[in-house]
Amino acid sequence: MRSLRLLPFAILIVGAGCGSPTAPLPIGPWGGVHLLLTLTPAGGAAEYDCAHGSISSAIQVDGAGRFDVAGTFVPERGGPSRSGDTLPEYPARYAGRIIGDLMTVTVTRTDSAITIGSYSLQRGADARVLKCL
């Protein structure tokens, strides 16, 4: 009878080590110089100087806070837009690390291995983004 009372504790202890190796990244705005990354439960949106992008799925971080997720990068241009104008959209990777309220992220176009940039962001901070004129 005594061993039956201890069974829930044994299950709890064994189950504690069986958790997922990843955890969701905190949602909301992450701001820095030249990038505002707004994360949602389903992915996110990126606003750059003269560009924008998206993250196509929820970001998961591993035990060390690292993440690597697919998305897009869309360069913008200044001046008026015309009816029917379309901007090129490129596949991109958003890879980085989060420690507390700080995130480092590098964005790379996957079709050409061009690095868009490396950014340091802070959770909840305003971004300093200069849009094209």
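The legends below describe close-up views of a predicted model.

**Figure 1. Overall architecture of the chain.** The chain contains 1 helix and 10 strands. Read from the N terminus, the order of elements is α-β-β-β-β-β-β-β-β-β-β. Of its 133 residues, 26% are classed as buried. The accessible surface amounts to about 8300 Å², and carbon and sulfur atoms account for 60% of that area. When contacts between residues at least 6 apart in sequence are considered, 45% of them connect residues at least 24 apart.

**Figure 2. The disulfide between Cys-50 and Cys-132.** The whole structure holds 1 disulfide. In this disulfide, Cys-50 is joined to Cys-132, with an S to S distance of 1.3 Å in the model. Cys-50 belongs to the loop between β4 (43-48) and β5 (51-55), whereas Cys-132 belongs to the segment after β10 (115-123), so the pair ties together parts of the chain that lie 82 residues apart in sequence. Cys-50 is partly exposed, with a relative accessibility of 28%. Cys-132 is also partly exposed, its relative accessible area being 22%. A disulfide is a covalent bond between the sulfur atoms of two cysteines.

**Figure 3. The two faces of strand β3.** In a regular strand the side chains alternate between the two faces of the sheet. Strand β3 (residues 35-40) shows such an alternation of side chains. Leu-35, Leu-37 and Leu-39 point to one face and are buried. Leu-36, Thr-38 and Thr-40 point to the other face and are not buried.

**Figure 4. Strand β3 and its partners β2 and β4.** Strand β2 (residues 28-32) runs antiparallel to β3, and 5 bridges join the two. Within this pairing, Trp-30 has Leu-37 of β3 as its bridge partner. The strands β2 and β3 form a hairpin with 2 residues between them, and His-34 in the turn has a positive phi of about 75°. Strand β3 is also antiparallel to β4, to which 6 bridges join it. A hairpin through 2 residues connects β3 to β4. Leu-35 of β3 is placed opposite Tyr-48 in β4.

**Figure 5. An aromatic cluster that includes Tyr-48.** The structure has 2 aromatic pairs. In one of them, the ring centres of Tyr-48 and Phe-73 are 5.2 Å apart and the ring planes meet at 75°; because planes over 60 degrees apart count as edge-to-face, the pair falls in that class. The pair links distant parts of the chain, since Tyr-48 is in strand β4 and Phe-73 is in strand β7 (residues 66-75), 25 residues apart. Both Tyr-48 and Phe-73 are buried. Ring pairs join Tyr-48, Phe-73 and Tyr-119 into a cluster.

**Figure 6. The charged end of Arg-109 over the ring of Tyr-90.** The charged end of Arg-109 sits over the Tyr-90 ring, at 3.6 Å from the ring centre.

**Figure 7. The surroundings of Leu-121.** Leu-121 is located in strand β10. With a relative accessibility of 2%, Leu-121 is buried, because residues under 20% are counted as such. Apart from neighbours within four places in sequence, the residues in contact with Leu-121 include Trp-30, Gly-31, Gly-32, Leu-35 and Leu-37. Asp-101, Leu-102, Met-103 and Val-105 are also among the contacts of Leu-121. The C-alpha atoms of Leu-121 and Leu-36 are 7.9 Å apart, although these residues are separated by 85 residues along the chain.

Note on methods
Residues numbered from 1 in each chain as written. Predicted model: local features only at pLDDT ≥ 70, side-chain atom pairs only at ≥ 80, totals over all residues. Heavy atoms only, no water. Helix = DSSP H or I, 4+ residues; strand = E, 2+ residues; numbered from the N terminus. Buried < 20%, exposed > 50% of the residue type's maximum accessible area, 1.4 Å probe, protein only. Contact = heavy atoms within 4.5 Å. Areas by Shrake-Rupley, 256 points an atom, 1.4 Å probe, with all protein chains shown as cover. Disulfide = S-S within 2.5 Å. Pairing = 2+ DSSP bridges. Phe/Tyr/Trp six-rings, centres within 6.5 Å; stacked < 30°, edge-to-face > 60°. Lys NZ or Arg CZ within 6 Å of the ring centre and 35° of its normal.
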